[in-house]
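Subject: the structure I promised you

Hi,

Here is the structure we talked about, ready for you to open. Have a look around it first, then read on for what turned up.

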Amino acid sequence: MTRSTKWFYIICGSLSILAIIFGSIMMYAGATHKQQQIQQQTQLKKTQMQHKLSQFERQRPLYSQTEKKLDTFMSTFFNYDDQKAYDHRHRATKKVVSADVYHNRRLFKEDKYHKTSQLGLQSTFVKNQIIPTKIDNNQLEATVYTTQTLNFDDEEGKDTVKVFKITYDGKTDKLTKIDQQGVFDMAVDSTVSVD
C-alpha cells in the first residue's frame, strides 16, 4: 500500500467517524427539540382547559369552604331544645364567624320573656341551599335558604325556610356577614314572598 493510499484511507475513515458523530448529535438535537415541542403543546392544552373552566369551577374550593362553615353555623344556630341551648347559640358559633357576626344582636336576639321555655319550642336544622351571587377577591357572597323544623311542646311543627344574605371570607376562613332577610313563603297560587 502506498503512502498516498494510506493517507486516503485515514482521511476517509476520519471523515466517516466525524459524519457518524455529527449525525448522532443531529439526531439527539432533533429528538430533544421534538420532546420540547410535545411538552409545550401539553402545557398549551392545559392552559386552554383552565381558561375554559367557569369562574365558579375555579372558585369551587371557596364555595366548599363556605358550605362547610355555613353548615356548622346553621346547625348550631338552629339546633336547640331548651332555653339554655337557645340562649347560648352564639357561643358555639364563635369559631366560624367574625367578631361582627358574633356580636350581632339582631341575629342573636335575646329571648327576654323566655318564649322558648314557655312554648316548649324545639328547633332542628335540616339543610342549606346556597345560591352564590358574587365571587370576588377570595370572598363569596350568597343568598341562603335554610330549612329548619320547629316543634312546640310535644306537638309536631312544620318546616320553615329562612332567607339569609351571607359573606364568607376565604382569607380569614370565617363568615363575615349573616343577615336574616325573613321567612320564605310560597302561596297556593305559587306567589313567593319573604316576610
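One definition before anything else: a charge sits over a ring if NZ of Lys or CZ of Arg is within 6 Å of the ring centre and within 35 degrees of the ring normal. Keep in mind too that this is a predicted model. With that in hand, go to Arg89: its charged end is placed over the ring of Tyr86, 4.0 Å from the centre. Arg89 also lies over the face of Phe77, and there the distance to the ring centre is 4.4 Å.

Now the overall layout. The protein chain has seven helices and five strands. Going from the N terminus, the order is α-α-α-α-α-α-α-β-β-β-β-β. The chain has 195 residues, and 27% of them count as buried.

Next, the aromatic rings. A pair of aromatic rings is described by the distance of the centres and the angle of the planes. How many aromatic pairs does the structure hold? There are six of them. One is Phe73 with Phe108: the ring centres are 6.2 Å apart and the planes are at 70°, so this pair is edge-to-face. It joins distant parts of the chain, with Phe73 in helix α3 (residues 60-78) and Phe108 in the loop between α6 (99-102) and α7 (115-119), 35 residues apart. Is Phe73 buried or exposed? Phe73 counts as buried because its relative accessibility is 0%. Phe108 is buried too, with a relative accessible area of 12%.

Then there is Phe78 with Phe164, another edge-to-face pair, at 6.1 Å centre to centre and 70° between the planes. Phe78 belongs to helix α3 and Phe164 to strand β3 (residues 159-169), so the pair ties together parts that are 86 residues apart in sequence. Phe78 is buried at 2% relative accessibility, and Phe164 is buried at 0%. If you want to see how these rings come together, select Phe73, Phe77, Phe78, Phe108 and Phe164: they form one aromatic cluster. Phe77 is the ring you already met under Arg89.

On to the strands. β1 and β2 pair in the antiparallel sense, over 14 bridges. Which residue in β2 is the bridge partner of Ile131? It is Thr143. The two strands make a hairpin with two residues between them.

In that turn, look at Asn137. Most residues other than glycine have a negative phi, and most peptide bonds are trans. Asn137 is not a glycine, yet its phi is positive, at about 55°. You will find Asn137 in the loop between β1 (121-136) and β2 (139-152), and at 59% relative accessibility Asn137 counts as exposed.

Asp173 is worth a stop as well. Asp173 has a positive phi, near 60°, and is not a glycine either. It is located in the loop between β3 and β4 (174-186). Why does Asp173 count as partly exposed? The reason is its relative accessible area of 26%, because partly exposed covers the range between buried (under 20%) and exposed (over 50%).

Asp173 also takes part in a salt bridge: its side chain meets that of Lys69, at 3.3 Å from N to O. This contact links distant parts of the chain, from the loop between β3 and β4 to helix α3, where Lys69 sits, 104 residues apart. Lys69 counts as buried, at 15% relative accessibility. The whole structure has two salt bridges, and another one is between Asp179 and Lys177, with the closest N and O atoms 4.0 Å apart. Asp179 is partly exposed at 27%, and Lys177 is partly exposed at 36%.

Last stop, the surface. Trp7, Ile10, Ile11, Leu15 and Leu18 make a nonpolar surface patch of about 530 Å². Take Ile11 as an example: it lies in helix α1 (residues 3-52), and its relative accessible area of 48% makes it partly exposed.

Have fun clicking through it, and write back with any questions.

Cheers

Technical notes:
Residues numbered from 1 in each chain as written. Predicted model: local features only at pLDDT ≥ 70, side-chain atom pairs only at ≥ 80, totals over all residues. Heavy atoms only, no water. Patch = residues over 30% accessible without salt bridge, like charges linked within 9 Å, V, L, I, M, F, W, Y side chains within 5 Å. Areas by Shrake-Rupley, 256 points an atom, 1.4 Å probe, with all protein chains shown as cover. Helix = DSSP H or I, 4+ residues; strand = E, 2+ residues; numbered from the N terminus. Buried < 20%, exposed > 50% of the residue type's maximum accessible area, 1.4 Å probe, protein only. Phe/Tyr/Trp six-rings, centres within 6.5 Å; stacked < 30°, edge-to-face > 60°. Pairing = 2+ DSSP bridges.
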